[in-house]
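Colleague: Hi, have you got a few minutes to go through this model with me? I'd like to talk about strands, cysteines and charged pairs.

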Amino acid sequence: MLAPPVPEMSMETEHGGHEEESAMLPCVAFASEHGYKFFSLAHMRMLNSADVRPMPPVLGRRLVPSPYGGMVLATDVCYRHPCHLVDPFTSSRAPLPDLPIPFSEKEPVGCLSDEPRLRCARVTDDGLAWDWSRRGVMVARGDTAFFCEHSGERWMPVHQSKLGSPMTVNYRGGLFFVLELRTLKTTIIDAGTLQARTKIPAPPGFGDVDYAYLAPSTDDAILLVHRAGDSDGVVFTKAYRARHRDSQRPPRWRPVLDIGDRAVFVDGAHGFTVTADPTGAKANRAYVILAHQLTHPCGRLAVAYDVGFTDLTRPERMGRLNLNTGEVEPMWGRPHWIIPWNESGRR
């Protein structure tokens, strides 16, 4: 079992002020017929049994890591079985209650024809999103975000999105960041009180959007947006930044081409920033996991994962790290970023 969690405190009390960004590179985590695998960007190799505990493959089991802290949410694709948290680096587990039913499956959801909308919500396959704090776990399903304390027995609704929008959930620095993908509205929720601390409205005139990625930090947040009709084959076409802490004005998204001495990592579930380093991530770059479709002569389908990167000033120019991650069958689900607990400095 996982160690009992430490009660959540205010951001200032818990962390003693501002947090510093880590320069630690993440791992690419993905399921396969040989179990859950990790490719370390820091060591540029696949991790082996000396680095991680074996997680046997289970068809129909969804595995979605949190980027910080090495924790993975495991649940059944059809939500018929209880879910749990598992640490693949220690093999410790903690049970969670059955996933809750969102409000959108209990009552009608309003729809306005003139509302901007996300045409292709790039979240997990069925809209599941989650992250965790020292106090508990926040899960978004459909239009509803729920919270359950560690060792708790029930989910409590804490946020409902507008117009039935799916969401992403990120935790950072004592705060949960909930991005509504259909409206691009962000609600920042205090992890201790579970009350909304502030909200960031959508960028002005954003129109229809194919997908969006939110990468929060303790002081600000980065939003990468791919507008509908813009170039295919790029991660984003517009980058925004909003300061949510120590600001005398309500936070607002502002276009940005430079995020300073940082890099941003995004996948279909989470986003985060790291400090740039000459031997690690390069400044002002966005990194994303790529999946290359492969077809063998016998007709068998497979995917090979790689990492692409692009500069915020030239998003149309994509480079690749050319990783050797091997091949996996596509039925095992999507890859994600993860940083082990002892390297992430979970905050």
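Colleague: How many bridges join strand E10 to E11, and which way do the two run?

Modeller: Four bridges join E10, residues 144-149, to E11, and the two strands run antiparallel. Within that pairing, Phe146 stands opposite Pro157 in E11. Strands here are DSSP runs of E with at least two residues, helices are H or I runs of at least four, and both are numbered from the N terminus. Two strands count as paired if DSSP finds at least two bridges between them.

Colleague: Is this a predicted model, and what should I know about the numbering?

Modeller: It is a predicted model, with residues numbered from 1 along each chain as its sequence is written. Local features need pLDDT of at least 70 and side-chain atom pairs count only at pLDDT 80 or more, while totals for chains, interfaces and linings use all residues; side-chain values use heavy atoms, leaving out hydrogens and water.

Colleague: Back to the strands, then. What is the order in the open sheet that holds E10 and E11?

Modeller: The order is E8-E9-E10-E11, four strands with antiparallel pairing. Strand E8 (129-132) and strand E11 (156-160) are the edges; each has a single partner strand, so one side of each is left without a neighbour in the sheet. From one strand to the next, the twist averages 20°. Angles are taken between N-to-C directions of axes, which are lines fitted to C-alpha atoms (for helices over the stretch in contact), and run from 0 to 180 degrees.

Colleague: Which strands form the open sheet that starts with E4?

Modeller: That sheet has four strands in the order E4-E5-E6-E7, and the pairing is antiparallel. Strand E4 (61-65) and strand E7 (93-95) are its edge strands, each pairing on one side only. Neighbouring strands are turned by 25° against each other on average, with direction ignored.

Colleague: And how many bridges join E5 to E6?

Modeller: Three bridges join strand E5 (residues 72-76) to strand E6 (residues 84-86), and the two run antiparallel. Ala74 has His84 in E6 as its bridge partner.

Colleague: New topic: how many disulfides are there?

Modeller: Zero, where a disulfide is a pair of cysteine sulfur atoms within 2.5 Å. For Cys148, the nearest cysteine sulfur is that of Cys83, 8.6 Å away.

Colleague: Is Cys148 buried or exposed?

Modeller: Cys148 is buried, at 1% relative accessible area. Cys298, on the other hand, is exposed at 66%. Buried means under 20% relative accessible area, exposed over 50%, and partly exposed in between, using a 1.4 Å probe and protein chains only.

Colleague: Now the charged pairs. How many salt bridges does the structure hold?

Modeller: Seven, a salt bridge being a side-chain nitrogen of Lys or Arg within 4 Å of a carboxyl oxygen of Asp or Glu. One of them joins Asp51 and Arg45 at 3.2 Å, N to O. Asp51 is partly exposed at 27%, and Arg45 is partly exposed at 32%.

Colleague: What about Arg197? Which residue does it form a salt bridge with?

Modeller: Asp190, with the closest N and O atoms 2.5 Å apart. Arg197 is partly exposed at 41%, whereas Asp190 is buried at 11%.

Colleague: And how far apart in sequence are the parts tied together by Arg262 and Asp220?

Modeller: Their side chains meet in a salt bridge at 2.9 Å, N to O. Arg262 lies in strand E20 (residues 262-266) and Asp220 in strand E17 (residues 220-227), so the pair ties together parts 42 residues apart in sequence. Both Arg262 and Asp220 are buried. Salt bridges with shared partners join Asp220, Arg241 and Arg262 into one network.
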